[in-house]
Amino acid sequence: MTTKIFCDIAELDQIKKFNKKKIVKGFTTNPSLMRKAGAKNYSNYCKEILKITRKPISFEVFADDSKNIINQALKIKRWGKNIYVKIPVTNSKGVFLGKVINKLNNDNIKLNITAVYTAKQTSQILNKVNKKTKLIISIFAGRMADKGKDPVPEIKKSIKLAKKFKNVEILWASTREPYNYIQAKKLGCHIITTPPLIIEKIEKFGKSFSNLTIDTVKGFLIDSRKSKFKI
Ligand code: G3P
């Protein structure tokens with residue numbers, strides 16, 4: 001099984017550039033990325049993105065109560081066939097959004113369940129979904145690693161739990177370094193989403209150890225010459 005690479009991104013010019021790459025099989029966004037990209041009108045901004053790509057793309061709801069989450073999800077879904085509606089696993093108070101996930105999944109809406117950290121949450125989600133409507137579960141590996149937690153066991157267990165669901169894909173989210181792609185592949189993740197710069201580094205994988213040594217030494221040499229260091 002191959003691990004698909006998605007690009008975690010919101011800048012329109014970057015989406016244009018990365019959409020052309022064969023290695024990029026889809027896109028993910030979130031409200032923070034949208035804000036950073038300067039989006040002012042959320043709906044219009046998403047529609048601009050949709051003019052650029054037909055690849056799968058996740059747009060997140062930002063309401064915090066079930067009724068409004070459902071309303072936003074229904075609106076977002078109507079914007080295009082390639083959309084996965086991103087729903088957080090809980091609201092901001094930590095209340096599991098199982099009923100919302102169940103309703104939207106049964107309405108045949110493709111979902112990307114986000115802000116997932118544990119296999120226990122994966123199990124709760126799987127208990128609420130059918131075996132036909134496409135669904136992604138995004139596990140935030142980098143954010144847990146940032147806090148000293150190992151993402152690998154949680155992702156491994158989640159993949160095992162999702163095995164019986166052919167419609168469910170486990171996504172390594174919150175990528176911190178190119179090597180995370182190798183880790184995601186080893187685990188059998190269906191997807192990894194990574195920032196654009198990391199995709200460019202993945203494209204350049206394959207340099208030999210001896211060339212790495214030469215490049216490293218060259219770098220130190222160039223810098224010491226530039227600084228005219230003397231001993
Ligand atoms: O888009 C979801 C996730 O990939 C965000 O990652 O870097 O904000 O932890 P990050």
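# Exercises on a predicted model

On the surface of this predicted model, a patch of positive charge is formed by Lys 131, Lys 163, Lys 164 and Lys 166.

## Exercise 1. A lysine of the surface patch

Determine where Lys 164 lies with respect to helix H8 and strand E7, and decide whether Lys 164 is buried or exposed.

Solution.
- Step 1. Helix H8 covers 151-162 and strand E7 covers 168-173; Lys 164 belongs to the loop between these two elements.
- Step 2. The relative accessible area of Lys 164 is 67%.
- Step 3. A residue is called exposed when this value is over 50%. Lys 164, at 67%, is therefore exposed.
- Step 4. Lys 164 gathers in the positive patch with Lys 131, Lys 163 and Lys 166.

## Exercise 2. The chain as a whole

State how many helices and strands the protein chain has, what box its C-alpha atoms fill, and what share of its residues is buried.

Solution.
- Step 1. Eleven helices and eight strands are found in the protein chain.
- Step 2. Along the principal axes, the C-alpha atoms fill a box of roughly 70 × 40 × 35 Å.
- Step 3. Of the 231 residues in the protein chain, 46% are buried.

## Exercise 3. Strands E1 and E2

Describe how strand E1 is joined to E2, and explain why strand E2 is largely enclosed.

Solution.
- Step 1. Strand E1 comprises residues 4-8 and is joined to E2 by four bridges; the two strands run parallel.
- Step 2. Within this pairing, Phe 27 of E2 stands opposite Cys 7.
- Step 3. Strand E2 spans residues 24-28, and four of its five residues are buried. The rest of the structure therefore largely encloses strand E2.

## Exercise 4. A residue of helix H4

Establish whether Ile 69 is buried or exposed, and give the separation of Ile 69 and Val 100 in sequence and in space.

Solution.
- Step 1. Ile 69 is part of helix H4, which covers residues 66-78.
- Step 2. The relative accessibility of Ile 69 is 0%. Buried means under 20%, so Ile 69 counts as buried.
- Step 3. In sequence, Ile 69 and Val 100 are 31 residues apart, while their C-alpha atoms are 7.8 Å apart in space.

## Exercise 5. Salt bridges between elements

Give the number of salt bridges in the structure. Then analyse the pairs Lys 17 with Glu 200, Glu 203 with Lys 21, and Glu 60 with Lys 86.

Solution.
- Step 1. The structure holds eight salt bridges.
- Step 2. One of them joins the side chains of Lys 17 and Glu 200, with an N to O distance of 2.8 Å. Because Lys 17 is in helix H1 (residues 12-19) and Glu 200 in helix H10 (residues 196-203), this pair ties together parts that are 183 residues apart in sequence.
- Step 3. Lys 17 is partly exposed at 39% relative accessible area, and Glu 200 is partly exposed at 21%.
- Step 4. Glu 203 forms a salt bridge with Lys 21, in which the closest N and O atoms are 3.2 Å apart. Glu 203 lies in helix H10 and Lys 21 in the loop between H1 and E2, and the pair links parts of the chain 182 residues apart.
- Step 5. Glu 203 has a relative accessibility of 38% and counts as partly exposed, whereas Lys 21, at 18%, counts as buried.
- Step 6. The closest N and O atoms of Glu 60 and Lys 86 are 3.8 Å apart in their salt bridge. Since Glu 60 belongs to strand E3 (residues 57-60) and Lys 86 to strand E4 (residues 83-88), the pair ties together parts 26 residues apart in sequence.
- Step 7. Glu 60 and Lys 86 are both buried.

Technical notes: Residues numbered from 1 in each chain as written. Predicted model: local features only at pLDDT ≥ 70, side-chain atom pairs only at ≥ 80, totals over all residues. Heavy atoms only, no water. Patch = residues over 30% accessible without salt bridge, like charges linked within 9 Å, V, L, I, M, F, W, Y side chains within 5 Å. Areas by Shrake-Rupley, 256 points an atom, 1.4 Å probe, with all protein chains shown as cover. Salt bridge = Lys/Arg side-chain N within 4 Å of Asp/Glu carboxyl O. Lys, Arg positive; Asp, Glu negative; His and termini not counted. Charge placed at Lys NZ, Arg CZ, Asp CG, Glu CD. Buried < 20%, exposed > 50% of the residue type's maximum accessible area, 1.4 Å probe, protein only. Pairing = 2+ DSSP bridges.
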